[in-house]
Amino acid sequence: MGLTSGTLLATAGIVCAAGLTALVLLWRRWVGRLVVLRAVGILACELLIVVTVGLVINRWGQFYPTWSSLRDNPAAATQPVVQRPDPGLTAAAPDGAQVGYLLRWPATPLGMTGPPLVWLPPTYFRDPTGALPVVMVVAGADAGPAYGAWSGNDVPVGDRPSGGCVVFVRVSGQPAGGLLTLPAQLVHDLHVATHGWGVVGIATAAPAAYRLATTDPVRFGPVVEVGTPGGRADLAGALDLALSQAPPALAPPVVLPTLAPTEGL
Amino acid sequence: VSPDSPLAVVLLAGLAAVAALTTALIWDRVRDWRRWLIRPAAVLACLLTATASTVVGANYIWDFYGTWHELAGVSTSENAPSAHAVISVSSSGSRVVRFVVHGRASGLTLTAYAYLPPGYDDRLKAEQLPVLEVLDGYPGSPHVWFSALHAQSLLDQEIVSGRMAPTVVIFPYQSPSSTHDTECVDAVGGLAVDTFLAVDVPTTVIHEFRVRPDGAAWGLLGYSTGGYCSVNLAMRHPTRFAAAASLSGDLHPTIDATTGNLFAGDETARNLNDPLWRVAHLPPVPVALYLATGLDDRSLLPEIGQFTALARPPMRVTTAGISRTGHTEAAWRAMQPPAYDWISSWLAGPLPSSGLSR
């Protein structure tokens with residue numbers, strides 16, 4: 001018999017009515033020393049009324065839908081899954097925990113002029129479990145320091161923030177499909193945040209940055225422009241601004257199971 | 001003796017027993033015309049004492065209200081101090097303070113509590129922190145979070161472990177009367193609670209605490225009615241709140257005897273406060289939503305399924321289910337740590353007042 005079933009409710013109602021009837025019928029017989037039974041009868045009937053009303057309210061509000069929800073403790077959230085840094089990366093950057101590491105990505109994604117550069121700050125190596133915030137910087141093939149961009153395969157120290165990872169990419173004039181696939185690869189291979197990424201678009205690549213942000217609005221936040229009319233002049237300031245809008249580095253969360261699509265339907 | 005103490009329950013249960021015994025004893029002793037007065041009065045006394053002990057017993061179990069004023073439905077802003085009064089300090093160094101929100105936009109003046117994380121006064125002194133506005137269910141009050149739901153210790157646990165960023169957490173009252181469920185909306189011709197929570201509370205908090213003023217760092221979280229409030233407020237004010245977490249919250253406003261006719265028959269006003277209607281009929285807004293429920297909460301599961309199917313980017317929806325919980329405080333205790341971690345991952349983090357360290 002379910003806790004919110006009509007059968008239980010009807011049973012409670014019948015028992016309650018029976019209790020009240022018995023109290024009325026027996027009232028006159030309980031005299032002398034038995035008068036205490038009257039008090040017990042009153043309290044018992046009050047209890048029956050409270051239980052019945054409680055069951056009605058519970059059926060209406062579905063507070064305790066099952067006996068199990070009344071009796072058992074809920075299942076606990078699952079423990080965090082501890083992430084580890086890629087061992088090859090740790091070997092390549094022995095001083096990473098002190099100075100950070102500028103990683104040259106091993107492949108050139110579609111629509112880019114060369115392999116992306118990924119700045120991993122010292123925090124990345126000091127805390128192998130934290131998910132660091134990420135900013136993606138998109139520049140055109142021809143954008144150099146004059147536009148606030150980096151040059152060649154090196155990034156100035158001033159454009160390497162300690163508060164998060166930065167992905168530097170150069171796109172060619174062609175549609176950069178690799179821009180959309182690269183974040184998933186980075187999330188898979190590095191311990192970085194899955195969402196809340198900042199985007200910086202430099203000069204002529206600003207439209208590509210906007211396309212990226214609007215195509216994947218779940219992962220990316222607002223775009224910061226550099227080297228455009230109305231945009232910022234310096235990349236360092238743009239990175240600060242983008243990181244200030246991103247979630248901080250966080251340890252792996254405790255989680256509950258996600259609802260399967262069929263569970264809600 | 002507070003209304004959530006076992007002593008109050010024992011006293012009132014004793015009073016109910018005395019009323020029952022007195023009724024039993026005097027029933028045959030009163031005769032002539034006086035029995036028509038005394039016997040009904042005795043029965044009434046039995047009913048009243050039984051009702052009172054049941055109400056206080058329920059309050060003891062579920063910790064809805066911490067003071068007799070609240071339990072009786074008296075205004076929650078009365079006698080509140082204007083300065084920050086410390087309510088509790090944890091072993092981790094966090095503290096809860098009480099303050100008053102004088103709502104200029106809404107015209108409401110209500111008490112609120114602020115959780116200040118460990119290190120707020122020293123290690124984090126140079127940082128502006130993100131903010132979480134936390135809302136309770138109905139019946140309920142902020143007191144529920146600190147008693148039955150153990151919010152202070154759970155927040156300490158998540159922040160100290162690094163799963164949640166240091167955050168200032170605000171627990172505002174959502175109604176001047178504990179007997180009136182406002183559903184956190186601007187009632188047509190009534191209380192402007194939406195304005196109070198989305199405008200007045202942020203204005204006061206930004207002025208009185210060291211927090212980030214921008215919406216990217218503000219979130220909402222609530223259970224039951226507070227969960228509905230959180231989702232509704234976030235969808236209505238996406239520039240003020242970046243994320244919201246609902247623990248067993250409906251996705252439509254409840255209208256019943258405790259709310260009164262909030263929308264006075266104005267269908268448009270009702271629809272605009274209905275997250276399910278909004279997600280189906282209005283352009284999606286850039287907020288992240290976390291919808292958690294007990295897997296045996298059969299009334300809520302279909303709503304979440306419907307909402308999730310309708311949600312489109314840039315709105316982001318994460319769902320979570322927990323077994324054997326129902327619509328209970330045990331559920332909301334278990335749901336809190338994952339919800340805190342989740343919402344922190346969607347809010348902009350602490351910001352050094354002097355800019356980011358490089």
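1. Disulfide content. In this predicted model, the count of disulfides over all chains comes to one. The bond in question joins C184(B) to C229(B), with an S to S distance of 2.1 Å. Because the torsion about the S-S bond of C184(B) and C229(B) is about 80 degrees, the disulfide is right-handed. C184(B) sits in the loop between β6 (168-172) and α6 (193-208) of chain B, while C229(B) belongs to helix α7 (residues 225-236) of chain B, so the pair ties together parts that are 45 residues apart in sequence. As for the surroundings of the two cysteines, C184(B) counts as buried at 0% relative accessibility, and C229(B) likewise counts as buried at 0%.

2. Cysteines of chain A. C16(A) takes part in no disulfide, since the nearest cysteine sulfur, that of C45(A), is 7.0 Å away, whereas a disulfide requires two cysteine sulfur atoms within 2.5 Å. C16(A) has a relative accessibility of 10% and therefore counts as buried. C165(A) is buried as well, with a relative accessible area of 1%.

3. Surroundings of M235(B). Helix α7 of chain B also contains M235(B), a residue that is buried, with a relative accessible area of 3%. Leaving aside residues up to four places away in sequence, M235(B) touches P275(B), R278(B), V279(B), V285(B), L289(B), F307(B) and M315(B). As a further distance for orientation, M235(B) and V144(B) are separated by 91 residues in sequence and by 25 Å in space, taken from C-alpha to C-alpha.

4. Helix α9 of chain A. This helix, spanning residues 235-244, is mostly covered, in that nine of its ten residues are buried. The buried residues of α9(A) are L235(A), A236(A), G237(A), A238(A), L239(A), D240(A), A242(A), L243(A) and S244(A). Within chain A, they pack against β3 (134-140), β4 (165-171), β5 (197-202) and β6 (220-226), and they also pack against β11 (351-352) of chain B.

5. The N-terminal end of α9(A). D234(A) caps this end of the helix, with a side-chain oxygen lying 2.9 Å from the backbone nitrogen of G237(A). The side chain of D234(A) also meets that of R232(A) in a salt bridge, at 3.7 Å from N to O. Both partners have some accessible surface: R232(A) counts as partly exposed at 35% relative accessibility, and D234(A) is partly exposed with a relative accessible area of 35%.

6. Interface of chains A and B. Here 65 residues of chain B are in contact with 55 residues of chain A, and the two chains bury about 4,500 Å² between them, 62% of it on carbon and sulfur atoms. The interface holds two salt bridges and 14 residue pairs in polar contact, both residues of each pair being at pLDDT 80 or more. On the side of chain B that touches chain A, the elements giving two or more residues are α1 (6-26), α2 (35-62), β9 (288-294), α10 (301-310), β10 (316-322) and α11 (329-344) of chain B. Of these, α11(B) gives the most, with eight residues. The residues on this side of chain B divide into 35 nonpolar, 18 polar and twelve charged.

7. Salt bridges across the interface. D28(B) forms a salt bridge with R38(A), in which the closest N and O atoms are 2.8 Å apart. This pair belongs to a wider arrangement, as R28(A), R38(A) and D28(B) are linked in a network of salt bridges.

8. Salt bridges within chain B. Over all chains the structure holds twelve salt bridges, and two of those within chain B may be set side by side. The side chains of D32(B) and R34(B) meet in a salt bridge at 3.4 Å, N to O; D32(B) is partly exposed, with a relative accessible area of 42%, and R34(B) is partly exposed, with a relative accessible area of 44%. D341(B) forms a salt bridge with R163(B), the closest N and O atoms being 3.5 Å apart. That pair links distant parts of the chain, with D341(B) in helix α11 of chain B and R163(B) in the loop between α5 (151-160) and β6 of chain B, 178 residues apart. In contrast to the partly exposed D32(B), both D341(B) and R163(B) are buried.

Terms used
Residues numbered from 1 in each chain as written. Chains lettered and ligands numbered in written order. Predicted model: local features only at pLDDT ≥ 70, side-chain atom pairs only at ≥ 80, totals over all residues. Heavy atoms only, no water. Buried < 20%, exposed > 50% of the residue type's maximum accessible area, 1.4 Å probe, protein only. Helix = DSSP H or I, 4+ residues; strand = E, 2+ residues; numbered from the N terminus. Contact = heavy atoms within 4.5 Å. Polar contact = N/O pair within 3.5 Å; in protein donor to acceptor, adjacent residues only side chain to side chain. Buried area = accessible area lost by both parts, 1.4 Å probe. Salt bridge = Lys/Arg side-chain N within 4 Å of Asp/Glu carboxyl O. Nonpolar A, V, L, I, M, F, W, Y, C, P; charged D, E, K, R; others polar.
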